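Please look over the sequence and the structure below before reading the briefing, which takes up helix packing, a sheet and a chain contact.

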Amino acid sequence: MKLSPKSSTSSAQAGEVETSTLNKVRLATKDPFFWSNWIVVIAFILVVLVFGALKPHSFLTMYNLNNILVASSIPAIIVVGQTFAVATAGIDLSISSIMTFGAVVYGIAFTNGSSWWVAGIAGTIAGTLCGFLNGLIIAKRKISDFIVTLGMLSVAAGFALVISNGVPRQIVSNSLSNLAIGGFGGIPYLMVIAFVITVAAHFFLFNTRFGTHILATGGDPDAARSMGVNIDLVKIVVYSISGTLAGFAAMLTISRIGAAEPAANTSLLLNSVAAVVLGGVSLFGGRGTIFGPFVATLLLQALTNGLTVVGVAAYYQYVSIGLVVILSAALVRTK
Amino acid sequence: MKKNNRFLTIGISVVAAAALVLAGTTPSNAAGKKLSSIRIAVVIKGLDNPYFVSVKQGIIDTAKKLGVVANVQAAPGLNDDIGQANKLDALAGQNYDCYIVIPITSNNLSQGLGKVTKAGKPIINIDSPVDPASLKAAGGKITSFAGTDNTAAGKAGGVSMLKLIGSGKKIGLIAGLAGNVTSNARIAGFEAGAAGSTFVGPVNADWDTTKALDAANAMLVANPDIAAFFAANDQMAQGVAKAVAAAGKKIPVYGVDGLMDNLNLIKAGSVTASISQYPYVMGKMGVEACVVLAQGGKVPAWTITPYGVIDSSNVDAALKSGNQTPPGGYKDPYAPLIKK
């Protein structure tokens with residue numbers, strides 16, 4: 001409860017204010033949602049502190065923080081799409097191969113003379129189409145999200161191989177590689193882009209009527225339907241967003257590795273699911289945040305980076321990352 | 001209660017993370033000429049393939065023998081080209097004397113290597129070459145390359161197989177991932193070495209044992225007169241051997257790499273031969289090249305690492321030695337340049 005303001009400022013009252021604030025904190029920590037929202041931030045700070053203490057001169061340098069931000073940006077964009085899918089109680093297992101498909105479309109457009117950004121639009125639209133198909137089939141045929149996107153995982157990967165003939169295409173463009181190397185006031189462009197997308201997604205989910213419909217669909221689809229929410233439309237839009245972001249992320253990937261590769265990178269998919277759960281989004285839908293998964297992505301990348309900088313042997317890295325995912329998820333878990 | 005549990009779990013996770021951190025090494029800013037002060041950073045491909053485990057072993061053993069420090073990092077997962085690039089980025093800003101890399105694709109590490117070169121550090125590229133065009137665009141420079149000639153290795157396999165089955169026969173070809181440079185080179189080399197034969201395929205089995213088994217089954221059904229198989233790596237050759245045995249046939253099966261598993265199968269007779277490459281030697285040469293450079297020496301820009309056909313005639317010797325190095329010895333241009 002709010003404190004009633006009093007005119008006098010005696011020391012006794014100051015003490016009262018203090019205990020009340022403490023009390024508020026105590027109450028807040030008893031709220032399970034407080035933990036699911038903030039644990040990932042605490043974990044992230046802990047990871048930075050631990051590695052910072054171990055290797056202050058290599059982990060906590062501007063150069064290395066820049067590395068973590070660059071490494072986080074593409075997964076952070078992917079995770080936004082995954083968050084939307086999970087918020088409707090769905091899951092998008094096809095994002096990594098949609099990204100591969102988008103990359104291949106990018107490569108074909110670019111090598112046929114499109115400029116780097118026109119090719120980017122082509123790749124993004126390719127992603128949108130895949131996502132739209134996902135949503136359409138899920139909504140109209142009433143098949144589980146899991147099965148449809150699992151199918152798309154294979155179909156998109158297959159089409160990527162078919163249209164590329166399995167051959168990677170080199171993309172040599174200074175403008176594009178500058179996107180990966182350059183920055184804006186010390187923040188890498190890639191992270192600026194990821195952050196803008198994250199903020200826009202937050203606004204969309206929590207400040208628009210459609211965003212409320214998304215959460216309502218995930219919370220209780222029958223209730224949402226009877227309230228007049230167009231659930232089919234919600235599913236189609238959500239998966240289209242996820243596909244679009246995957247297609248767009250394909251361009252950013254090419255900016256980093258300089259080639260359109262027809263092989264799918266499944267680590268991105270696994271990381272996105274881990275980040276969504278760590279970020280406090282309920283896998284049963286209806287409840288979630290956009291910033292939680294964003295911070296979780298930073299956490300996972302900072303962890304991988306820190307373990308590499310400290311020189312932990314590769315085998316132990318798998319173990320430690322898995323442990324952190326499980327332990328944090330155990331903390332985040334609410335009834 | 002619940003709250004306490006949470007704090008306990010936080011505590012556990014922090015301790016777990018800290019416990020996994022191995023003893024760090026003290027960086028030295030002086031251009032370390034002393035062996036004990038030389039630090040090498042290594043980024044290789046996924047350790048889910050025994051081939052790269054062998055590269056890693058060569059690096060670790062050689063580093064230990066010479067008394068230098070090597071931080072060996074691997075790509076976090078299969079095809080995780082960005083994850084591998086992140087690892088190199090994380091190491092590129094640190095005070096290492098030299099970097100050894102095996103890129104997943106010919107381009108994915110180029111930007112990170114550009115940073116390494118800009119920091120004035122030498123790069124040794126082993127096994128799979130970095131694409132020169134993308135490297136140049138990123139401002140990177142490879143000081144020395146040590147790897148196999150996959151075309152020559154494939155050709156040696158083709159020549160050896162022709163001796164066994166004679167010319168004019170049908171040979172089934174099993175390739176790795178579609179479009180993969182290494183696979184293409186091995187297959188093309190084999191076709192040149194076994195010229196005069198009729199080839200079925202190549203069918204892509206993605207370096208995978210099970211996929212190779214299925215592919216070989218299908219090929220045998222369609223072409224019962226196949227007289228031999230060539231697979232572009234040992235793991236696929238194992239799958240092919242299973243298919244051949246299941247079909248009740250006794251025809252030669254060749255693989256490439258010289259993995260210990262396969263040598264055991266060669267001894268047992270289910271696989272006929274493997275064109276052995278020596279990943280252990282590549283790792284060893286990488287470390288030696290780095291040490292020479294850190295000591296201020298010069299290294300050759302291009303070294304072809306050894307290869308050789310292992311079959312029933314020499315499999316015992318190879319098994320006995322662990323097949324880390326060729327039975328007949330090999331030329332190592334780096335080792336004599338090291339100042340002890």
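Are helix 2 of chain B and helix 11 of chain B parallel or oblique to each other? Helix 2 of chain B and helix 11 of chain B are oblique, a word for angles outside the roughly parallel (under 35 degrees), roughly antiparallel (over 145) and roughly perpendicular (65 to 115) ranges. This is a predicted model, in which local features need pLDDT of at least 70 and side-chain atom pairs count only at pLDDT 80 or more, while totals for chains, interfaces and linings use all residues. Residues are numbered from 1 along each chain as its sequence is written, and chains are lettered from A in the order in which they are written, with ligands numbered from 1 likewise.

**Helix pair in chain B**
- The axes of helix 2 (residues 50–66) and helix 11 (residues 279–294) of chain B come within 7 Å and cross at roughly 40 degrees, where axes are lines fitted to C-alpha atoms over the stretch in contact and angles run from 0 to 180 degrees between N-to-C directions.
- Helices (H or I, at least four residues) and strands (E, at least two) are DSSP runs, numbered from the N terminus.

**Sheet in chain B**
- An open sheet of 6 strands in chain B has the order 2-1-3-4-5-11 with parallel pairing, two strands being paired if DSSP finds at least two bridges between them.
- Strand 2 (69–74) and strand 11 (302–304) of chain B stand at the edges, each with a single partner strand.
- Strand 5 (residues 144–147) of chain B pairs with strand 11 of chain B over 3 bridges, and Ala146(B) has Thr303(B) as its bridge partner.

**Contact between chains**
- The contact takes 51 residues from chain A and 46 residues from chain B, residues being in contact if their C-beta atoms, placed from the backbone, lie within 7 Å.
- Helix 14 of chain A gives the most to the side of chain A that touches chain B, with 9 residues.

Conventions:
Two residues are in contact if their C-beta atoms, placed from the backbone, lie within 7 Å.
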